[in-house]
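Hi everyone, thanks for coming. Please have the sequence and the 3D view open while I talk, and stop me whenever something is unclear.

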Amino acid sequence: MECQVCANLEISVEKPPGASPLSFIALLKVYRELLVSRIRNTQCLIDNLIKNDYFSTEDAEIVVQFPTQADKVRKILDLVQSKGEEVSEYFIRVLQKVTDAYYELQPWLDEIGYEPSENICSKPVVNTDPVSRYCQKLRYELGRDSKFVMSYAQREEMLLEEIYSNSIMELVSFTNESLGEVCQLEALFDDTVGLINEDGETIYVFGDAGIGKSILLQKIQSLWARKELDIGAKFFFRFRCRMFSCFKEDEAICLKDLLFKYNCYPDQDPAEVFHHILQFPHTVLFTFDGFDEIYSNFDLSSVPEMCSPNEPIHPLVLLVSLLRGKLLKGSKKILTARTGTEIQRNIIRKKVLLRGFSSNNLKEYTAVFFKDEGQRTLVLNQLEANPNLCSLCSVPLFCWIIFKCYEHFHSMSDSHELPDCSVTLTDVFLLMIEVHLNRSLKTSLLKNNTRSQAEMFKSKKETLLALGKMAYKGMENSFFIFEQEEVSSANISEEDLQLGFLRTVKGYSDCDNQSTYEFLHLTLQSFFTALFLVIEEKVGAKELLQFFNECSSTETAQLTCLRIPWLKKQLAGEDPFRNNEHFHFTNLFLCGLLSRSKQKLFRHLVLPAVVKRKRKTLITYLGESMKSHLKGLTRSRFPNYNQIQVQPNFVWMLRCLYETQSEKVGKLAAKRMHANYIKLTYCNAYSADCSAISFVVHHFRKRLALDLDNNNINDYGVKQLLPCFSKLAVIRLSVNQVTDHGVRILYEELSKYQIVTFLGLYNNQITDVGAKYVAKLIEECSSLEYVKIGANKITSEGGKCLAQAIQKSKTMFEIGMWGNQVGDEGAKAFAEALRNHPRLTNVSLAFNGITTEGGKSIAEAMQHNNSVKIFWLTKNELDDEAAMSFAEMLKVNNKLVHLW
């Protein structure tokens, strides 16, 4: 009955024109049941009424005796009204001032148009509501924690606002097809865009290591703390998933302890705060960072699927129950993980792929990092001259490392330049290690350190070995958190800790007085593991290759990892949270450190004979591994082509081959492919991988086809393919963030060699500028027969250029323009190109904003065409008049087989 009355009171009470406003006592009487249903905290009202001597302690004791909240509110209203107008107004004033506690009544206050009198304004109102106090504390602590980003040297902190830069965030489907970019962070929570499962509750953000997942969550945290993220979240709880690996197998906690002890503890009445959270889960936002970093032997299948919010249970079960919506159903959740971590579809609401920096993002970040315009210009010019380094900079973490190294060396020598062209990821990490070892040296104010990299590493060999040993032991067991005891047993000194490779983390140790550590990034732990395998002389062939075996034995693990028993049970003894990317990075760095170019560095750290033996073992393994891997790949035969379809693991193999910088290994890989059509679609290849692809592909002697559709190549990657273009007859780069700049590179290179027959650029970021370059290529390259350039940003201007080029070409067989906006002007230009064209066979102008005028032009031109057999015009704005024109055309044209 009360709810029904409350619902009826949602409608404003109409007052006759000229009627005097209701008294405050009358207002409380008229809206009594609304107030009873919406006031959930009585203590704040009582505290303020007592503080201003409107209530006595006896009044408060009378209210507290009532068993239910609703009855307490009714008694307060009775007492307030009995004490007169002033007390009644002050009661309303408290509701207005303490918005956190009485936020549901704010629309009512606006409706009645309440304006406090001068007398009541002078009366203090104190917010003693434990829920709103807790929200304030949460915002303060999360704002403080997110204000700074810790750098590689732990003593150096940077303001998040000064270091954060936007990168490409793309909403994708379950099959990773693009659903559009995320331009503002609020869009992550907007169900009108990118929603793929309305029953799921988790926004799943994924991307490669170092792509910016953690700093994105820190940015969201910072915005929420400053009340600049308007998504209706009163509470924000953030977790780093690797903490769940630190709980013992028999450990059990309840949800309240997980939220409060590992985030922020309420100063007042934790039970009431927790009860509020349970009552209003939609006001809660969770972030879970690094789901792939959980390592646990805990058997999730041994516990029930559902659990009570009050029942102590293993923290991993609480995590899974939160993600599934079994606990706090309706709360908002963001979960991050590295690419390749499969999360079951039933928990996912949206998928967001982080693609790193675009060329514009990189320029913005360079401007943020280098305040001095001269230095900034110098860096951008050097990056422009070095596409390999530019590609690495598309990954924010690697970009930051490169910029920090540049900044350090530039401070020592104004003429210092970024590394030369052939830069591997191993080179970048070696440079970073050198920088931090350099900083640890005590130097004269007037004299710069002049030690070489080799001398620097030699002087710190024991430190590097100690860090490497601990990294290796952790990597063996997929442990990423280290207790003080483990740090001490590895002989890592306090001075070593100051180098900045390790950082302290809170909340992971049973002992509050002991520090807990982690490597600053997972890739850094992988690097030190590889370094240990190289400089520890006792490491044999088995230990050297053990992480290759971890990857090869689970080659399909990326498709089946994280087999949490939400719908299925994992195999007995299998780690349900396994992801092997950290092993891949260890192998990659091992290949780089054992490359021939690094032998000069390591002869100061380990006997040359030992390095030679390890290098021989590695190269032999890579050759046999490549041979074995290629045998198992899917092959297809086409006219003129033998196609090989590779898997994502093959990209890691190419990366390892590139790190070796061995031409012999690259040549052997090309020889053993026995194919001239390499299909690398959906392999999560990014721009820097094009260096590795080129490293192998340029050894092919004959022309070949390269299919890189649906990756993250972008303009930098196109530049990295320069060594290949003299061999490429087919180049497919659809769905790859390629812009006009990348198309210009394609035009300049492909027009040189005049051998390309197929150019695939569907669904990129190409405008009329890029379309003009494609048009020039069609005109100048007589070998070009197929062009796919649909789903870009081409208007009538670009459409006309393409149509005119096709009109001049005698060899064009197919043009795909689906999903652009050429309109009627573009359609008329294509009509002229079609008229009497000798060879054009397949044409798509679907979804191009063509109306009746453009349709009639095409229909008329097709009466004079005998080559086109398939024509797509769906999703345009053609009416019956246009249809009549096409009907007339079909009476004349008997060559057209399909008209869609």
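Let me begin with a question: of the contacts in the protein with a separation of 6 or more, what percentage is accounted for by residues 24 or more positions apart? It is 80%. Please keep in mind that this is a predicted model. The protein has 900 residues, and buried residues make up 57% of them. As for secondary structure, there are 41 helices and 23 strands.

Let's go to a sheet. Seven strands form an open sheet, and reading across you meet β4, β3, β9, β5, β8, β7 and β6, in the order β4-β3-β9-β5-β8-β7-β6. The pairing in this sheet is mixed. Which strands stand at the edges? They are β4, residues 178-181, and β6, residues 235-240. Each has a single partner strand, so one side of each is left without a neighbour in the sheet. On average, neighbouring strands here are turned by 20 degrees against each other, direction ignored.

Mixed pairing is easier to see with examples. For the parallel sense, take β5, residues 202-207, and β8, residues 332-338, which pair over six bridges. Along that pair, Phe-206 stands opposite Ala-337 in β8. For the antiparallel sense, take β3, residues 168-172, which pairs with β4 over three bridges. There, Leu-171 stands opposite Gly-180 in β4. The hairpin of β3 and β4 has five residues between the strands, and in this hairpin Asn-176 takes a positive phi near 65 degrees.

Now for the aromatic rings. How many aromatic pairs does a search of the whole structure find? The search finds 45. One of the pairs is Tyr-54 with Tyr-90: the ring centres are 5.2 Å apart and the planes are at 50 degrees, so we call the pair tilted. Tyr-54 lies in the loop between α4 (43-51) and α5 (57-64), while Tyr-90 is in helix α7 (residues 85-97), so this pair ties together parts that are 36 residues apart in sequence. Are these two rings' residues buried or exposed? Tyr-54 is buried, with a relative accessible area of 10%, and Tyr-90 also counts as buried, at 0%.

Another pair is Phe-519 with Phe-528, whose centres are 5.8 Å apart and whose planes are at 35 degrees, so this pair is tilted too. Phe-519 counts as buried at 2% relative accessibility, and Phe-528 counts as buried at 0%.

Rings can also join up into a cluster. Ring pairs link twelve residues that you can highlight on your screen, namely Tyr-134, Phe-235, Phe-237, Phe-239, Phe-244, Phe-247, Phe-260, Tyr-262, Tyr-265, Phe-274, Phe-286 and Phe-288.

Rings can have charged partners as well. The charged end of Arg-655 sits over the ring of Trp-652, 4.4 Å from its centre. Likewise, the charged end of Lys-875 sits over the ring of Phe-847, 5.7 Å from its centre.

Next, let's visit a single residue, Leu-657, in helix α32 (residues 648-660). Leu-657 counts as buried, at 1% relative accessibility. What is Leu-657 in contact with, leaving aside its neighbours within four places in sequence? The partners are Leu-622, Met-626, Val-665, Ala-669, Phe-695 and Val-696. Leu-657 and Ser-595 are 62 residues apart in sequence, yet 9.8 Å apart in space, C-alpha to C-alpha.

For contrast, here is Thr-739, in the loop between β17 (728-732) and α36 (740-753). Thr-739 is partly exposed, with a relative accessible area of 22%. Not counting residues up to four places away in sequence, Thr-739 touches Asp-715 and Gln-765. Gln-765 is 26 residues along the chain from Thr-739, and their C-alpha atoms are separated by 4.7 Å.

One last topic: cysteines. How many disulfides does the structure hold? Zero. Why is there no bond between Cys-591 and Cys-656? The closest cysteine sulfur to that of Cys-591 is in Cys-656, 4.1 Å away, and that is too far for a bond; the cut-off used for a disulfide is within 2.5 Å. Cys-591 is buried, with a relative accessible area of 1%, and Cys-683 is buried as well, at 3%.

That's my tour. Thanks for listening, and I'm happy to take questions!

Notes. Residues are numbered from 1 along each chain as its sequence is written. This is a predicted model: local features need pLDDT of at least 70, side-chain atom pairs count only at pLDDT 80 or more; totals for chains, interfaces and linings use all residues. Side-chain values use heavy atoms; hydrogens and water are left out. Two strands pair if DSSP finds at least two bridges between them. Helices (H or I, at least four residues) and strands (E, at least two) are DSSP runs, numbered from the N terminus. Axes are lines fitted to C-alpha atoms, for helices over the stretch in contact, and angles run from 0 to 180 degrees between N-to-C directions. Rings of Phe, Tyr and Trp (its six-membered ring) pair if their centres lie within 6.5 Å; planes under 30 degrees apart count as stacked, over 60 as edge-to-face and the rest as tilted. Buried means under 20% relative accessible area, exposed over 50%, partly exposed in between (1.4 Å probe, protein chains only). A charge sits over a ring if NZ of Lys or CZ of Arg is within 6 Å of the ring centre and within 35 degrees of the ring normal. Contact means heavy atoms within 4.5 Å.
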